[in-house]
Amino acid sequence: MIFGRVKPLDAILATAEKKSLHRSLGALQLTLFGIGCIIGTGIFVLTAAGAQKAGPGLMLAFIIAGAVCVVAALCYAEIAAMVPVAGSAYTYTYSVMGEFLAWTVGWALVLEYAIAASAVSVGWSGYFTGTILEEFAGIHLPNWLRGGPLALGGIEGGFINLPALVIALLVTWLLMIGTTESARVNAILVAIKITALTAFIALTLPQADAANFNPFLPAGLFGGFGSGVGAVGAAATIFFAYVGFDAVSTAAEETKNPQRNVPIGLIGSLLICTIFYILVAAGAVGTIGGQPIMGPNGVPFPAGSEELARQCAMPEYAQMLVCSNEALAHVLRQIGYSSIGNALGIAAFLALPSVILILLFGQTRIFFVMSRDGLLPDGLSKVHPKWKTPYVVTALTGIVVAIAAAFLPVGQLADIANAGTLYAFFMVAIAVMLLRRTEPNRPRRFRTPALWLVGPLTIVGCLFLFLNLPFEAMLVLPIWTAVGFLVYFGYSYRNSHLGRGIVEVHETEIHDIQPPIPGVDEDREHDPNANQPI
């Protein structure tokens with residue numbers, strides 16, 4: 001019975017307590033880690049895609065997406081603090097709802113992290129070509145090397161986004177050889193991004209013109225299910241700007257007092273970023289306007305579409321916010337702050353690779369855990385004898401990420417990544433509510449307030465945003481899931497360790513591999529109880 005294969009929660013928690021790494025992270029470090037992962041391509045690049053869907057209503061879109069994230073974070077906080085182990089939503093689901101549903105969550109998370117890493121790579125490419133090459137070096141990369149084909153929503157004359165391809169492969173190589181940023185480097189990168197956004201807000205808000213916010217909702221509040229337009233449609237896309245707060249749960253296994261610090265890190269980083277996003281959107285739209293380019297039917301051209309790419313190639317639209325590949329730097333240049341705009345472009349250029357690294361890290365570790373559970377071939381979890389990294393799965397992931405980044409626009413990638421993310425959050429909310437019923441006496445230092453309301457709101461909110469993604473993006477998840485079913489019933493079901501009666505939780509093996517969690521100091525103490533038999 002596939003729904004009867006539930007990994008014992010006691011085994012997971014017991015193993016977590018005997019792993020080899022010292023719990024060293026506090027609430028502040030976790031909050032910085034969350035901010036570092038959240039603030040990335042979402043705000044630096046998707047501001048343009050969001051404006052094309054909602055116009056000035058982008059501000060409302062950030063609030064809608066942020067509200068869904070708040071309730072999801074509250075659910076995540078309870079279960080992440082209660083089950084502070086690797087595997088994120090995959091492990092949570094395995095311990096509550098069983099192997100089959102855990103497989104679907106892990107499979108969706110693989111899609112989420114990989115496609116999100118591709119999207120960030122494309123976002124980095126925009127700032128690299130616009131700021132580093134053109135503004136500083138005076139080099140104009142030919143169109144066929146700076147964007148994907150027009151038919152895929154790229155640019156006129158585009159063939160391949162070479163910078164996006166290169167950065168994805170470079171970060172993959174760094175992960176394979178075991179190179180990662182330290183907590184100190186992560187803190188510096190967070191400071192750079194926060195400083196850049198603060199400067200942007202300070203320079204743009206005083207120049208905001210109320211006329212630029214009219215009409216506030218040019219495509220309406222709700223564009224219709226599957227349309228991907230309107231404020232709600234933009235919220236479904238801009239949700240990507242918040243993806244990353246769940247990565248804090250991955251670091252829960254190295255956190256001091258996770259029952260207290262994980263919820264603070266999750267919710268604190270989310271609230272800080274929400275405030276920044278709303279102010280940044282107000283500054284961008286208020287200064288140069290953010291009206292979408294409308295199609296002949298009075299509906300905005302789809303973000304990341306061939307039609308929009310053709311419009312943006314025209315001189316009358318080329319300088320609009322919705323056509324920019326480096327939205328925030330572009331806004332500052334348009335209002336006379338070219339040098340500061342270039343500085344912001346440099347900040348994005350320096351900081352976005354760390355987001356790619358964290359996303360690739362999360363994806364490969366989930367693949368690693370699934371392989372260790374027998375749900376994927378053992379070869380995928382093979383650890384390099386010298387580098388001590390899961391180099392096979394890292395290389396395969398990096399190649400797929402690089403190819404997607406080379407040929408697809410950031411808006412389409414963000415929508416696809418959101419589909420997997422929303423499903424994972426949906427399942428976490430169900431898991432929290434089920435645990436309250438099945439394990440009512442389990443210690444909970446953090447309890448989701450009003451779970452009877454917050455849990456259903458998370459489920460409804462995630463489903464609502466999913467149904468407001470473009471129809472093509474919605475189709476990706478069921479197709480990807482169908483492929484996952486073939487893999488599960490063709491291989492995983494009969495090779496599952498749990499199905500064969502082997503109860504294993506591989507926390508110690510996970511922490512034998514390198515690099516450690518990005519954003520965590522490498523010079524940590526080791527637990528004296530490490531490597532003892534379970």
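This passage walks through the helices, disulfide, salt bridges and surface features of a predicted model. Residues are numbered from 1 along each chain as its sequence is written, and side-chain values use heavy atoms, with hydrogens and water left out. Because the model is predicted, local features need pLDDT of at least 70 and side-chain atom pairs count only at pLDDT 80 or more, while totals for chains, interfaces and linings use all residues.

Helix 7 is a good place to start. Helices here are DSSP runs of H or I with at least four residues (strands, E, need at least two), numbered from the N terminus. Helix 7 covers residues 99-137, which makes 39 residues. The expected span of a helix is 1.5 Å times one less than its number of residues. For helix 7 that gives 57 Å, and the end C-alpha atoms sit 53 Å apart, which agrees. Even so, helix 7 has a kink of about 30 degrees centred on Phe-128; the bend at a residue is the angle between axes fitted to the seven residues ending there and the seven starting there. Most of helix 7 is covered, with 34 of its 39 residues buried. Buried means under 20% relative accessible area, exposed means over 50%, and partly exposed is in between (1.4 Å probe, protein chains only). Right after helix 7 comes Gly-138, with a positive phi near 70 degrees.

Next come the cysteines. A disulfide is a covalent bond between the sulfur atoms of two cysteines, and here it is picked out as a pair of cysteine sulfur atoms within 2.5 Å. Searching the whole structure turns up one disulfide. Its partners are Cys-312 and Cys-323, with an S to S distance of 2.0 Å. Cys-312 belongs to helix 14 (residues 306-312), whereas Cys-323 is in the loop between helix 14 and helix 15 (327-334), eleven residues apart. The torsion about the S-S bond of Cys-312 and Cys-323 is about -80 degrees, so this disulfide is left-handed. Both Cys-312 and Cys-323 are buried. Cys-69, on the other hand, is in no disulfide, since its nearest cysteine sulfur, that of Cys-462, is 8.0 Å away. Cys-69 has 0% relative accessibility and so counts as buried, and Cys-273 is buried with 0% too.

Charged side chains are worth a look as well. Side chains of opposite charge can pair when their charged atoms come close. A salt bridge is counted when a side-chain nitrogen of Lys or Arg is within 4 Å of a carboxyl oxygen of Asp or Glu, and by this rule there are six salt bridges. One of them joins Arg-436 to Glu-78, at 2.8 Å from N to O. That pair links distant parts of the chain, with Arg-436 in helix 18 and Glu-78 in helix 5 (residues 58-82), 358 residues apart. Glu-78 is buried, at 2% relative accessibility.

Helix 7 shows up again in another salt bridge, between Glu-134 and Arg-146, at 2.6 Å from N to O. Glu-134 is in helix 7 and Arg-146 is in helix 8 (residues 143-146), so the pair ties together parts twelve residues apart in sequence. Glu-134 is partly exposed at 23%, and Arg-146 is partly exposed at 21%. Within helix 14, Arg-310 pairs with Glu-306, the closest N and O atoms being 2.8 Å apart. These two residues, Arg-310 and Glu-306, are four residues apart, about one turn of the helix. An α-helix has 3.6 residues a turn, so residues three or four places apart point the same way. Arg-310 is partly exposed at 39%, as is Glu-306 at 29%. Glu-135, Glu-326 and Arg-333 are linked in a network of salt bridges.

A few backbone details stand apart. The peptide bond from Asn-214 to Pro-215 is cis, with omega near 0 degrees, and Pro-215 lies in the loop between helix 10 (183-204) and helix 11 (230-238). Ala-450 is not a glycine, yet has a positive phi of about 50 degrees. Ala-450 is in the loop between helix 18 (410-438) and helix 19, and is partly exposed at 35%.
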